[in-house]
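Visitor: I have a chain open in my viewer and a handful of things to ask about it. Could you walk me through it?

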Amino acid sequence: MKKLSCFILILFSFLIVSAQDAHFSQYHNSRTYTNPAFVGTDSTMNIAVNYRMQWPKIDPYKSLHFSVDKHIHAIRGGIGLNYLYDYQMQGAYVKQRVELNYAPHFELFKHKLVLQPGIQISYFQNTLDFSKLTFGDQIDPRRGFTVSYTHLRAHETKANLVCRLLLEK
């Protein structure tokens, strides 16, 4: 019963969880970013660098992906390292991610079938810069922008920010 309830929980968690990752048009060059099970599928060392700039005239989206992976016989699998830098909305939102991948190599039925699941450990940092965002209360229908967030202090909390902005008006 415990295994069944865990299975149902995992199954329904895929319906609730949502995320948005950077999409590269040359996805076959970023295979370890797509799936960590691809780590170490070749016997040689693979190094890949992908760069994406979407809508260059208005500069909202830039993404850089670097990966390196290699199959190592001593550990019977492949290991890899990924780095992603995602720059969005003219620097208002920046995402950085470092991933360590391991894919063990299992040969079944006298080397006729290979099973290679992937394991990934990630560290990521998301940064949101409020000084580069525009909110509805900043815009006056007659005068345009009324409040600039570029002068905000880094130690301000949301409550202090609202109080100070109300006093400035």
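What follows is a short exchange on the sheet, the salt bridges and a surface patch.

Visitor: What should I know about the model and its numbering before we start?
Guide: This is a predicted model, where local features need pLDDT of at least 70, side-chain atom pairs count only at pLDDT 80 or more, and totals for chains, interfaces and linings use all residues. Side-chain values use heavy atoms, with hydrogens and water left out, and residues are numbered along each chain as its sequence is written, from 1.

Visitor: Okay, how many helices and strands does the chain have?
Guide: Helices (H or I, at least four residues) and strands (E, at least two) are DSSP runs, numbered from the N terminus. Read from that end, the elements go α-α-β-β-β-β-β-β-β-β-β-α. That gives three helices and nine strands.

Visitor: Which strands stand at the edges of the open sheet?
Guide: Two strands pair if DSSP finds at least two bridges between them. Five strands make the open sheet, antiparallel, in the order 1-2-3-4-7. Each edge strand has a single partner, so one side of it is left without a neighbour in the sheet: these are strand 1 and strand 7 (119-128).

Visitor: How many bridges join strand 4 to strand 7?
Guide: Strand 4 covers residues 93-104 and runs antiparallel to strand 7. Within this pairing, valine 98 sits opposite tyrosine 123. The bridges number ten.

Visitor: Is aspartate 86, in its salt bridge with arginine 52, buried or exposed?
Guide: A salt bridge here is a side-chain nitrogen of Lys or Arg within 4 Å of a carboxyl oxygen of Asp or Glu, and this pair's closest N and O atoms are 4.0 Å apart. Aspartate 86 in strand 3 (residues 77-88) and arginine 52 in strand 1 are 34 residues apart. Buried means under 20% relative accessible area, exposed over 50%, partly exposed in between (1.4 Å probe, protein chains only). With a relative accessible area of 1%, aspartate 86 is buried.

Visitor: Which element gives the largest share of the nonpolar patch?
Guide: Patch residues have over 30% relative accessible area and no salt bridge, with like charges joined within 9 Å and nonpolar side chains (Val, Leu, Ile, Met, Phe, Trp, Tyr) within 5 Å. Met45, Ile47, Val49, Tyr51, Met53, Leu64 and Phe66 make a patch of about 680 Å², by the Shrake-Rupley method with a 1.4 Å probe and, for residues, only the protein chains shown as cover. Methionine 45 belongs to the loop between helix 2 (31-34) and strand 1. The largest share, four residues, comes from strand 1.
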